[in-house]
Amino acid sequence: ETDTTLIDFASDKRAPTPTAAAELAVPVRLDLLAWLDGQSARLSHALSSGVERRGQRLRDLGRALPRVDSLLDGPRQRLDVWGERLPAALIRSVQMRRVRLSDAAGALRPAALRGKLRDQGQRLTQTGERLGHALGARTERGRERYDAMSARFGRVEPHEALQRRREDLTRLSDRFGQVGARQIKDWRDRLDALDRLRETLSYKATLERGYAVVRGDGDLIKSAAAAGRAQSLEIEFADGVHKVGQPGAPAPKKPAKPQTPPGDQGSLF
């Protein structure tokens with residue numbers, strides 16, 4: 001029987017000899033070059049085909065666009081029409097302005113101007129007459145008002161005016177005095193209230209309840225150790241201050257504890 005291995009059934013390629021297997025595993029250089037040439041030819045053909053298709057598309061779109069002559073025909077025709085109408089329009093405009101000038105010249109005749117000047121002169125004369133009457137009436141009213149004021153001021157005697165001013169001054173002085181007294185009273189009340197608050201918050205109110213303040217060497221004593229170190233003490237009560245010790249005297253020394261003689265331990269041997 002033919003000896004067939006299992007790898008012959010599982011492999012994709014089968015070579016009878018190692019040399020043939022090497023040839024199958026390593027491609028031939030000429031085959032690679034041929035494959036590259038084929039791919040290059042395909043690429044060139046694809047590029048040329050794409051360019052050709054795009055050129056054809058561009059030519060198709062160009063045929064759909066209007067031509068330059070057709071684009072300029074309308075504006076050129078309108079320009080020709082306006083050029084033909086312009087001389088006639090200018091002539092008609094000049095004629096209309098000539099007619100308007102003739103109408104205005106007819107209204108500017110010397111007789112019409114003299115009539116307008118006469119009317120303006122009459123209006124000016126009437127305005128001047130009314131102005132004179134108005135000024136006279138206003139002057140008369142001012143004179144009457146001045147006479148009335150002069151008569152009123154003339155009836156007032158100087159001593160009466162002085163007396164009224166003195167009374168006004170006295171009345172203002174009384175008012176200022178009342179206001180000042182009321183202000184001083186308010187300030188005094190506020191000061192008394194603050195003093196009562198100070199007395200309430202002061203430590204002396206605590207002394208009234210049986211407490212005392214201890215000072216030593218000018219400082220406040222807050223502990224028994226500080227009291228022992230102080231040379232003199234001042235105890236403040238509600239009704240006075242009591243001094244303990246003399247200032248400048250040395251602090252009393254504590255008696256030394258007697259030393260106990262060491263006991264006889266004896267010999268250790």
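The following dialogue examines how the terms applied to this predicted model are justified.

Tutor: This is a predicted model, in which local features need pLDDT of at least 70, side-chain atom pairs count only at pLDDT 80 or more, and totals for chains, interfaces and linings use all residues. Residues are numbered from 1 along each chain as its sequence is written, and side-chain values use heavy atoms, with hydrogens and water left out.

Student: What makes a stretch of the chain a helix or a strand, and how many of each are there?

Tutor: Both are DSSP runs, numbered from the N terminus: a helix is a run of H or I with at least four residues, and a strand is a run of E with at least two. The chain has 8 helices and 4 strands. Their order from the N terminus is α-α-α-α-α-α-α-β-β-α-β-β.

Student: How do you know which strands pair in the sheet?

Tutor: Two strands pair if DSSP finds at least two bridges between them. Strands β1 (residues 213-216) and β3 (residues 233-237) have 4 bridges and are antiparallel, so they satisfy this criterion. Between β3 and β4 there are 5 bridges, again in the antiparallel sense. β1 and β2 are joined by 2 bridges and run antiparallel. The result is an open sheet with the order β2-β1-β3-β4.

Student: Why are β2 and β4 called edge strands?

Tutor: β2 (219-220) and β4 (240-244) are edge strands because each pairs on one side only.

Student: Which residues stand opposite Arg215?

Tutor: Arg215 stands opposite Glu234 in β3 and opposite Leu220 in β2.

Student: Which strands form hairpins?

Tutor: β3 and β4 form a hairpin with 2 residues between them, and Phe237 has Gly240 in β4 as its bridge partner. β1 and β2 form a hairpin that also has 2 residues between the strands, and there Asp217 takes a positive phi near 55°.

Student: Is Glu236 buried or exposed, and how do you know?

Tutor: Buried means under 20% relative accessible area, exposed means over 50%, and partly exposed lies in between (1.4 Å probe, protein chains only). Glu236, in strand β3, has 11% relative accessibility and therefore counts as buried. In the chain of 269 residues, buried residues make up 4%.

Student: What surrounds Glu236?

Tutor: Contact means heavy atoms within 4.5 Å. Leaving aside neighbours within four places in sequence, the contacts of Glu236 include Tyr203, Leu207, Tyr211 and Val241. Val213 stands opposite Glu236.

Student: What makes the meeting of Glu236 and Arg215 a polar contact?

Tutor: A polar contact is a pair of N or O atoms within 3.5 Å; within protein, one must be able to donate a hydrogen and the other to accept it, and residues adjacent in sequence count only if both atoms are side-chain atoms. The side chains of Glu236 and Arg215 make such a contact at 2.7 Å, so the distance falls within the limit.

Student: Why is the pair Arg76 and Asp73 called a salt bridge?

Tutor: A salt bridge is a side-chain nitrogen of Lys or Arg within 4 Å of a carboxyl oxygen of Asp or Glu. For Arg76 and Asp73 the N to O distance is 3.3 Å, so the pair meets the definition. Because they are 3 residues apart in helix α4 (residues 68-107), about one helical turn separates Arg76 and Asp73. The relative accessible area of Arg76 is 42%, so Arg76 is partly exposed. Asp73, with 42%, is likewise partly exposed.

Student: Which salt bridges lie in helix α6 (residues 158-201)?

Tutor: Among them are two pairs. Lys185 and Asp189 have their closest N and O atoms 3.2 Å apart, and Arg198 and Asp195 meet at 2.9 Å. The whole structure has 8 salt bridges.

Student: What makes Trp35 exposed, and of which patch is Trp35 a part?

Tutor: Trp35, in helix α3 (residues 29-64), counts as exposed because its relative accessibility is 52%. Patches are made of residues with over 30% relative accessible area and no salt bridge: like charges are joined within 9 Å, nonpolar side chains (Val, Leu, Ile, Met, Phe, Trp, Tyr) within 5 Å. Trp35 joins Val28, Leu30, Leu33 and Leu36 in a nonpolar surface patch of about 510 Å², with accessible areas from the Shrake-Rupley method, a 1.4 Å probe and, for residues, only the protein chains shown as cover.
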